Amino acid sequence: MKLKKVMALALSAALGAGMLAGCGGSSGGNGSAASDSNLKEMTFVIAARDEFMSSIEAAMSAEAEDLGYRIVVQDAINDMAKQIQFIETCANKGDDAAIVLPVDADACQSLVDAAGDMKLVFVNRPPTDLHVLDAENVGYVGSDEDTSGYYQGEYLAEYFQEKGQTEIKYLMVQGTLGQVSTTKRSAGVLKALDDNGITATEASAPLVADYDRPTAQEMIQPLLASGTEFDCIIANNDAMALGCIEACKDVGIEIDFPIVGIDCTVDGAQAVVDGSLAMTVFQNPVGQGRGAIIAAINLINGDPLNTGMEEYALDDSGESYSDSIAWVPFEPVTTENVADYM
């Protein structure tokens with residue numbers, strides 16, 4: 001199943017990282033030292049480590065070895081200046097390409113400038129200004145956030161329509177403000193509700209929990225305890241949705257209303273099985289990791305970005321950067337198909 005594959009890859013990456021921790025960066029590869037010596041290095045500069053990012057790294061490393069590369073990971077610890085330095089180092093030592101999950105989507109031009117003539121692939125978190133991708137040596141592989149929240153809204157619309165309800169009040173728990181994923185996930189769910197004839201109003205101002213489970217749990221608990229009336233809880237990711245579920249348990253509220261998340265993490269999928277999470281949306285870390293390394297090699301070879309992964313369509317907006325974006329589809333997950341993701 002999909003999540004089992006993801007976690008197996010993540011475990012492989014963790015083991016590789018542990019063995020190479022003394023080398024200034026961690027390698028996601030799981031090959032022997034002898035085989036590594038025959039591989040070119042390519043650096044993946046992450047914003048900060050989390051479960052989802054580790055899954056991207058694992059998939060990237062597995063794909064890279066088959067293509068003659070060893071992935072070296074550098075963690076910027078959410079420091080944009082440090083991330084720029086890592087990219088500059090890669091460029092200065094003559095690397096063919098680097099992959100980056102940016103700390104600050106608004107500052108991606110600085111990363112492109114730091115890369116110079118080196119190929120650079122953004123993964124998972126796109127530049128806020130997609131025209132950063134106009135440069136011929138730059139690409140992006142990720143999932144279209146316009147669709148993630150929309151899947152949540154479609155599920156909620158169907159749920160309330162079946163109850164004969166066309167007006168609802170919702171609680172929104174958001175990720176980090178300013179991030180593209182936060183903005184688009186929040187807007188997408190509301191657009192889908194409106195498109196499907198559901199009038200949705202805030203039961204309270206949105207809570208900003210920075211994609212963190214304990215923060216979401218702590219922030220929403222007072223609202224739940226106060227008796228605020230609402231029909232559903234919308235969270236920008238599974239971690240925050242799970243925090244909301246824990247908060248409901250803390251204050252003794254029966255979860256007889258839908259709570260929805262995004263990412264389909266291991267815990268999120270299990271919560272769908274248990275019935276506490278109504279649905280989630282699978283964001284494919286294996287697809288993104290695999291796609292990023294293939295895209296980087298395609299840029300090196302001068303091939304179209306999605307060569308060898310044509311199942312990930314290029315952007316169809318017709319903008320100048322369209323050929324520089326490969327979309328890995330989101331997939332809605334409910335009780336009906338969650339078994340496919342475990």
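Student: Going by its relative accessibility, what does aspartate 195 count as?

Tutor: Keep in mind that this is a predicted model. The relative accessibility of aspartate 195 is 41%. Buried would need under 20% and exposed over 50%, so aspartate 195 counts as partly exposed.

Student: Which side chain does aspartate 195 meet in a salt bridge?

Tutor: Look in helix H7, where the two partners are four residues apart and so separated by about one helical turn. The partner is partly exposed, with a relative accessible area of 48%. The N to O distance is 2.9 Å, and the residue is lysine 191.

Student: And which residue forms a salt bridge with glutamate 145?

Tutor: Glutamate 145 lies in helix H6 and its partner in helix H7, so this pair ties together parts that are 40 residues apart in sequence. Both residues are buried. With the closest N and O atoms 2.8 Å apart, the partner is arginine 185.

Student: How far apart are the end C-alpha atoms of helix H6?

Tutor: Helix H6 has 18 residues, 145-162. At 1.5 Å a residue, they should span 26 Å. The model agrees with that, since the end C-alpha atoms are 27 Å apart.

Student: What arc do the buried residues of H6 cover around the axis?

Tutor: The buried set is Glu145, Ser148, Gly149, Gln152, Gly153, Leu156, Ala157 and Phe160. An α-helix has 3.6 residues a turn, so residues three or four places apart point the same way. Here the buried residues sit on the same side of H6, because they cover an arc of only 170 degrees.

Student: Where does arginine 290 lie, the residue that meets glutamate 63 in a salt bridge?

Tutor: The N to O distance in this salt bridge is 3.8 Å. Glutamate 63 is partly exposed, at 21% relative accessible area, and belongs to helix H3. The pair links distant parts of the chain, 227 residues apart, with arginine 290 in helix H11.

Student: Which helix gives the largest share of the largest nonpolar core?

Tutor: That core has 56 residues, and Ile99 and Ile293 are among those with the most contacts inside it. The largest share is seven residues, and they come from helix H11.

Student: What kind of aromatic pair do phenylalanine 230 and phenylalanine 257 form?

Tutor: Both residues are buried. Their rings are 4.9 Å centre to centre, with 80 degrees between the planes. Planes over 60 degrees apart fall in one class, so this pair is edge-to-face.

Methods: Residues numbered from 1 in each chain as written. Predicted model: local features only at pLDDT ≥ 70, side-chain atom pairs only at ≥ 80, totals over all residues. Heavy atoms only, no water. Helix = DSSP H or I, 4+ residues; strand = E, 2+ residues; numbered from the N terminus. Expected span 1.5 Å × (residues − 1). Buried < 20%, exposed > 50% of the residue type's maximum accessible area, 1.4 Å probe, protein only. Arc of directions from axis to C-beta. Core = buried A, V, L, I, M, F, W, Y, C linked by side-chain atoms within 4.5 Å. Phe/Tyr/Trp six-rings, centres within 6.5 Å; stacked < 30°, edge-to-face > 60°. Salt bridge = Lys/Arg side-chain N within 4 Å of Asp/Glu carboxyl O.
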